[in-house]
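These are my notebook entries on a structure that I looked up. I took the chain as a whole, then one residue, then one helix, and lastly the relation between the copies.

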There are 2 protein chains.
Amino acid sequence: MNILVTVNSNYIYPLKVMLWSLFVSHPGQQVDTYLIHSSLTDDETEDLRRYVGRFDQKLFPIKIDDGLFGEAPVLLHYSREMYYRLYAYRCLPDSLERILYLDPDILVINSLMELYNLDFGGNYFAAAYHDRISLKEINRLRLKGYEVEEYYNSGVLLINLLLLREKVDEKEIFRFLKNEKRKLILPDQDVLNALFGKHIKKIDEVKYNYDTRYYSYYKLKSNGLVDMDYVIRNTSILHFCGKKKPWHKGEGGKFHSLYKYYEVQALR
Amino acid sequence: MNILVTVNSNYIYPLKVMLWSLFVSHPGQQVDTYLIHSSLTDDETEDLRRYVGRFDQKLFPIKIDDGLFGEAPVLLHYSREMYYRLYAYRCLPDSLERILYLDPDILVINSLMELYNLDFGGNYFAAAYHDRISLKEINRLRLKGYEVEEYYNSGVLLINLLLLREKVDEKEIFRFLKNEKRKLILPDQDVLNALFGKHIKKIDEVKYNYDTRYYSYYKLKSNGLVDMDYVIRNTSILHFCGKKKPWHKGEGGKFHSLYKYYEVQALR
């Protein structure tokens with residue numbers, strides 16, 4: 001399985017936790033992690049390489065020139081690295097046909113093999129649709145002239161490298177970033193939705209991009225089916241979305257104890 | 001390490017979760033589990049023996065005559081089996097010098113070796129003092145003429161078998177149960193506190209008998225020190241006290257996701 005991550009120094013800590021959760025959810029399975037970055041030091045990438053080596057896995061760091069995204073907007077807790085997932089198909093080895101991008105604020109608690117081997121059905125990406133984003137957001141983009149069908153979360157993104165290489169000119173992405181920079185709010189997601197919204201295969205949010213802030217919402221919407229027992233048995237990816245992160249002091253939430261457990265196991 | 005458990009059929013399910021959490025917290029360590037019971041079927045004990053065998057551990061079932069405790073009161077979610085821990089020193093092999101009794105509604109999340117090897121300092125038992133029990137409860141016992149110094153929780157109980165065999169006549173326990181049956185509210189704890197309160201070594205509640213209902217209380221009392229990070233790193237025993245149990249449908253709480261994770265891992 002090929003995994004893509006794109007972090008700066010601030011996210012090395014949760015990245016290790018995420019990777020550990022991924023490894024223990026796939027015992028005996030080879031997981032190659034590609035790390036696209038522009039600012040990590042050699043010590044930092046070496047430390048990460050040693051870390052994944054402890055679990056008999058491999059890390060492939062790929063340094064790129066951040067100047068490529070020079071004019072792209074960066075807001076709040078977002079960082080420039082968020083754009084790299086969209087450009088990854090130009091930096092990764094040609095031998096790779098697909099790769100699964102994962103945000104570092106994720107826990108993998110069940111197997112990803114079904115997701116990983118999904119049939120793209122001619123799409124560039126596969127992602128989950130988070131339908132709690134306001135219609136206002138979608139309209140904002142739509143009014144700007146983009147055809148936004150649905151609003152996909154880019155934190156878990158299965159990438160069809162083969163098809164992107166064939167069909168997409170990366171200049172499109174850079175042009176979009178340059179022209180639309182003042183309109184973007186959740187920047188990389190806006191790009192994903194506006195440019196590629198019609199080429200994304202929808203995957204099950206509860207299984208593959210469960211937003212941990214919305215336990216009650218999921219439970220209510222499913223008439224009680226998606227309770228804690230269901231989530232722990234069936235969800236593969238818990239996504240700790242939002243500004244409050246479970247590795248920060250003083251945070252809470254329904255999945256806080258579970259995150260802390262993984263964190264302590266991963267970094268002991 | 002010798003572990004004592006005492007369950008009826010209703011508690012086999014959480015017992016397996018508890019034992020699994022214990023085994024994975026002590027990798028490579030021999031854990032002998034003694035199961036004192038009066039009502040399990042041969043199929044049930046055999047199923048439990050196979051279960052612990054999967055983790056290369058051993059189970060020793062010991063069937064006793066429940067008639068011994070015939071007049072003891074049983075209330076609410078309590079069962080007769082709760083008394084067996086106090087009488088265990090008469091049923092266990094003479095070769096055992098100490099044993100750690102654990103309730104089935106427990107998760108062991110860090111090593112118990114320091115607790116297990118504790119110096120009894122001449123006491124019969126070691127247990128944690130839960131100071132949220134009302135003074136009224138303690139006074140209730142004190143007024144009846146018993147010297148109740150503090151109120152110990154009997155869910156985690158390190159037992160000095162050697163000393164009990166030497167010093168305590170089990171008829172004392174049966175006599176107490178017979179005479180005081182109408183005064184007992186948390187029955188086995190009342191017996192423990194009233195009969196043996198002066199012979200109990202106090203152990204750290206946060207480390208060895210953390211009541212999962214009181215996350216905010218522990219945190220407040222410690223000026224914020226005992227937060228989730230602290231608990232996951234330092235607590236060995238999470239005790240899911242009270243009537244609401246995390247393996248029941250519809251329950252919640254700060255440690256619900258962690259319990260469910262252990263439950264699913266243990267029983268997959």
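I call a residue buried under 20% relative accessible area, exposed over 50%, and partly exposed in between, with a 1.4 Å probe and protein chains only. By that rule, buried residues make up 59% of the 268 residues in chain A.

I note that this is a predicted model, in which local features need pLDDT of at least 70 and side-chain atom pairs count only at pLDDT 80 or more, while totals for chains, interfaces and linings use all residues. Residues are numbered from 1 along each chain as its sequence is written, chains are lettered from A and ligands numbered from 1 in the order in which they are written, and side-chain values use heavy atoms, with hydrogens and water left out.

Entry 1, chain A. I find 12 helices and 10 strands, taken as DSSP runs (helices H or I, at least four residues; strands E, at least two) numbered from the N terminus. Of the contacts between residues at least 6 apart in sequence, 79% join residues at least 24 apart; contact means heavy atoms within 4.5 Å. The accessible surface of chain A is about 11,500 Å², and carbon and sulfur atoms hold 48% of that area; such areas come from the Shrake-Rupley method with a 1.4 Å probe, and for residues only the protein chains shown count as cover.

Entry 2, H239(A). I located this residue in strand β10 (residues 237-239). H239(A) is buried, at a relative accessible area of 2%. Beyond its neighbours within four places in sequence, its contacts include D103(A), I106(A), N153(A) and Y210(A). The side chains of H239(A) and D105(A) are joined by a polar contact of 3.1 Å.

Entry 3, helix α2 of chain B. I read 12 residues (42-53) and a reach of 16 Å from first C-alpha to last, close to the 16 Å expected at 1.5 Å a residue. Its buried residues are T45(B), L48(B), Y51(B) and V52(B). Down the axis of α2(B) they fall within an arc of 120 degrees, so they line one face of the helix. Their cover includes α1, β2, β3 and α12 of chain B. The face turned away from the buried side carries the exposed D42(B), D43(B) and R50(B).

Entry 4, the two copies. I can lay chain B on chain A with an RMSD of 0.0 Å by a turn of 180 degrees and a shift of 0.0 Å along the axis. The two copies are thus related as by a two-fold rotation axis. In chain B, the C-alpha nearest that axis belongs to L258(B), 2.3 Å from it.

Notes
Least-squares fit on C-alpha atoms with pLDDT ≥ 70 in both. Expected span 1.5 Å × (residues − 1). Arc of directions from axis to C-beta. Polar contact = N/O pair within 3.5 Å; in protein donor to acceptor, adjacent residues only side chain to side chain.
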